[in-house]
Amino acid sequence: LRPSAKERLWGGHRLNDEFEKNINMPLVGETWECSTHPSGPSYVIGGKFDGLSLADVIRNNPQLLGTKHTGMTELPILIKFIDANKDLSIQVHPNDDYAREHENGQLGKTEMWYVLDARRDSKLIYGFNRNYDESKIRDEIKKGTLVRCLQRVPVKKDDLFFIEAGTVHAIGEGILIAEIQENSDITYR
């Protein structure tokens, strides 16, 4: 598959340099490697489906998803590579129920990260550093001091993180990640 690439302010050159993506963008932050999402479709290279989007291939050949997914016309997951040359913004994703109600029926996003590589001092944000009530979090957001409530976790190559929808998180500078997520592009920053 040919991935869709996303230029990001926090992106870098590792996806081009280490994975030979040959993407003509100054700062490649993400490549959507296996995607039927309209915001970043993957395309087939070679064979009888050459040049078609993966979404079109599945839509026209739903049997490719197997009998467990009868009636589905898109993949339930999306697979990305992410190059965090700089810290990403602090974010959270909605769960499926919230997204369906507030985001025109879309899916929420739970994701899993596999750390392909990380600088020795790299950290990511993974939830809060202790239990806070809603009023405390709202107050910290208003004061611009929410970062002092966040848990920073050191990372190394081969670490694995499950980020359930609703978990505040951010990938830190110097981390290269493979991400498997629900087929969604909803992020609240």
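User: Where is asparagine 104 found?
Analyst: Asparagine 104 is found in the loop between helix 3 (96–102) and strand 4 (111–118). Helices (H or I, at least four residues) and strands (E, at least two) are DSSP runs numbered from the N terminus. The model is predicted, with local features needing pLDDT of at least 70, side-chain atom pairs counting only at pLDDT 80 or more, and totals for chains, interfaces and linings using all residues. Residues are numbered from 1 along each chain as its sequence is written, and side-chain values use heavy atoms, leaving out hydrogens and water.

User: Is asparagine 104 buried or exposed?
Analyst: Asparagine 104 counts as exposed because its relative accessibility is 77%. The classes are buried (under 20% relative accessible area), exposed (over 50%) and partly exposed (in between), with a 1.4 Å probe and protein chains only.

User: And what about phi of asparagine 104?
Analyst: Phi of asparagine 104 is near 55°, which is a positive value in a residue other than glycine.

User: What is phi for aspartate 158?
Analyst: Aspartate 158 has a phi of about 80°, positive although the residue is not a glycine. Its place is in the loop between strand 6 (150–154) and strand 7 (160–163).

User: How does aspartate 158 count in terms of accessibility?
Analyst: Aspartate 158 has 45% relative accessibility and therefore counts as partly exposed.

User: Changing topic: where is serine 35?
Analyst: Serine 35 lies in the loop between strand 2 (28–34) and helix 2 (54–60).

User: Why does serine 35 count as buried?
Analyst: Serine 35 counts as buried because its relative accessibility is 0%.

User: Which backbone atom of histidine 37 does the side chain of serine 35 reach?
Analyst: The side chain of serine 35 reaches the backbone nitrogen of histidine 37 at 3.1 Å. In addition, a polar atom of the serine 35 side chain lies 2.7 Å from the backbone oxygen of glycine 40. A polar contact is a pair of N or O atoms within 3.5 Å; within protein, one must be able to donate a hydrogen and the other to accept it, and residues adjacent in sequence count only if both atoms are side-chain atoms.

User: What else does serine 35 touch?
Analyst: Leaving aside residues up to four places away in sequence, serine 35 touches Gly40, Pro41, Ser42, Leu54 and Leu78. Contact means heavy atoms within 4.5 Å.

User: Now histidine 93. Where is its place?
Analyst: Histidine 93 has its place in the loop between strand 3 and helix 3. With a relative accessible area of 3%, histidine 93 is buried.

User: What does the side chain of histidine 93 reach?
Analyst: The histidine 93 side chain reaches the backbone oxygen of isoleucine 186, at 2.9 Å.

User: Which residues does histidine 93 touch?
Analyst: Histidine 93 touches Lys109, Glu111, Ala165, Gly166, His169, Ile186 and Thr187, with residues up to four places away in sequence not counted.

User: On to the rings. How many aromatic pairs does the structure hold?
Analyst: There are four aromatic pairs in the structure. One of them joins phenylalanine 128 and tyrosine 132, an edge-to-face pair at 6.1 Å centre to centre with 75° between the planes. Rings of Phe, Tyr and Trp (its six-membered ring) pair if their centres lie within 6.5 Å; planes under 30 degrees apart count as stacked, over 60 as edge-to-face and the rest as tilted.

User: What is the relative accessible area of phenylalanine 128?
Analyst: Phenylalanine 128 has a relative accessible area of 29%, so it is partly exposed.

User: Separations next. How far apart in space are proline 62 and leucine 124?
Analyst: Proline 62 and leucine 124 are 38 Å apart, C-alpha to C-alpha, with their positions 62 residues apart in sequence. Proline 62 lies in the loop between helix 2 and strand 3 and, at 37% relative accessibility, counts as partly exposed.

User: And aspartate 139: where is that found?
Analyst: Aspartate 139 is found in helix 4 (residues 134–143). It counts as partly exposed, at 34% relative accessibility. Its C-alpha atom and that of alanine 178 are separated by 34 Å, the two residues being 39 residues apart along the chain.

User: Last one: what separates the C-alpha atoms of glycine 46 and threonine 73?
Analyst: The C-alpha atoms of glycine 46 and threonine 73 are separated by 22 Å, and the residues are 27 apart along the chain. Glycine 46 is in the loop between strand 2 and helix 2. At 31% relative accessibility, glycine 46 is classed as partly exposed.
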